[in-house]
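User: Please take a close look at one part of this model: a strand, the strands it pairs with, and the loops that follow from there. I would like one connected account.

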Amino acid sequence: MSLTSPTVDPTFEHTTAVTPDPDVPGRFHAHYDEGWASLRGIHGGYQTAVAVRAAEAMSPGRAVRTISASFLRPGAIGPAVLDATVVRTTRTFTTVLVTVSQLDRPILTVRTTANEPVEGHDWSTPSDDGPCPLPEAVSFTPPPEVRHFRQADLLLDPTTIPTGDADEARIAGYVRPKAGNVIDAAWLVMAGDWFPPSPFRRVELPIGGVSVDYTVHVHHTVTLGPDEWLAAVFTTPTSTAGLALEHGRLMTLDGQPVAETFHTRWTG
């Protein structure tokens with residue numbers, strides 16, 4: 001990873017921006033951008049990333065590390081209101097609850113845990129189950145109405161193209177921002193839900209694409225070099241009674257974990 005001249009993706013920063021309400025403490029306003037339209041309303045990872053911006057504003061100086069979202073209703077292009085409450089703060093941790101509403105109805109709840117940088121017992125185990133080598137990955141053309149795929153660069157492992165008839169629910173590939181090279185917590189939250197859902201390997205869309213709950217743990221943020229990507233693998237080994245659990249890993253090219261996701265998807 002390069003630390004030279006880090007830049008932030010201006011498009012992502014703009015479309016995830018939140019504005020504090022001058023009259024209501026803890027309230028923020030955002031606008032869900034049409035570029036994040038997905039199969040069903042607005043892309044869930046993008047909505048969660050917007051909520052992370054509000055949580056960050058409520059826990060200044062601390063890094064958001066764990067994010068747990070529950071999707072109540074589909075989001076729509078247009079204004080959204082975010083009400084953020086600090087549930088508890090200590091010398092080390094801050095827990096924030098964010099409720100996102102549109103048309104006076106809650107559509108999403110997000111709980112975040114942020115912490116102060118501390119000296120801890122650190123270790124990291126590289127993954128040995130990544131995507132194919134980068135030169136073998138291929139471009140992916142999604143349906144034109146799924147516009148969120150235009151917001152980052154994507155290459156897929158050709159053995160995991162979503163066909164709807166495979167024996168294994170596994171999607172793998174590579175992702176990086178369209179512009180800039182700074183990968184922050186909000187971008188990782190978006191990227192963890194950005195790939196085609198791994199159930200699409202076994203079943204035809206939209207089955208397995210609807211998000212119910214979504215949890216992300218951010219190990220650390222990164223700055224990519226000019227030719228670097230994040231590798232990613234998403235697997236859904238089990239679907240029972242209409243709910244499937246997808247486990248995802250975002251990592252550096254040498255397999256070091258950056259973030260992990262647990263995603264409950266509707267398969268009924």
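Analyst: Two strands are said to pair if DSSP finds at least two bridges between them. The model is predicted, and the strand to begin with is β3, residues 63-71.

Strand β3 has an antiparallel partner in β6, residues 105-115, and 8 bridges join β3 to β6. One position in this pairing is Thr 66, whose bridge partner in β6 is Thr 113. Strand β3 also pairs with β10, residues 210-218, again in the antiparallel sense, here over 5 bridges. In that pairing, Ser 68 is set opposite Thr 215 of β10.

From β6, the account turns to the loop that links β5 (93-102) to β6, where Leu 103 is found. Most residues other than glycine have a negative phi. Leu 103 has a positive phi, near 55°, and is not a glycine. Its side of the picture is completed by accessibility: Leu 103 has a relative accessible area of 81%, and because exposed means over 50%, Leu 103 counts as exposed.

A second loop, between β12 (230-240) and β13 (243-251), holds Ala 241. Ala 241 is not a glycine either, yet its phi is positive, at about 55°. The relative accessible area of Ala 241 is 77%, which is over the 50% cut-off, so Ala 241 is exposed.

To return to the strand at the start, β3 is paired in the antiparallel sense with β6 and with β10.

Technical notes: Residues are numbered from 1 along each chain as its sequence is written. This is a predicted model: local features need pLDDT of at least 70, side-chain atom pairs count only at pLDDT 80 or more; totals for chains, interfaces and linings use all residues. Side-chain values use heavy atoms; hydrogens and water are left out. Helices (H or I, at least four residues) and strands (E, at least two) are DSSP runs, numbered from the N terminus. Buried means under 20% relative accessible area, exposed over 50%, partly exposed in between (1.4 Å probe, protein chains only).
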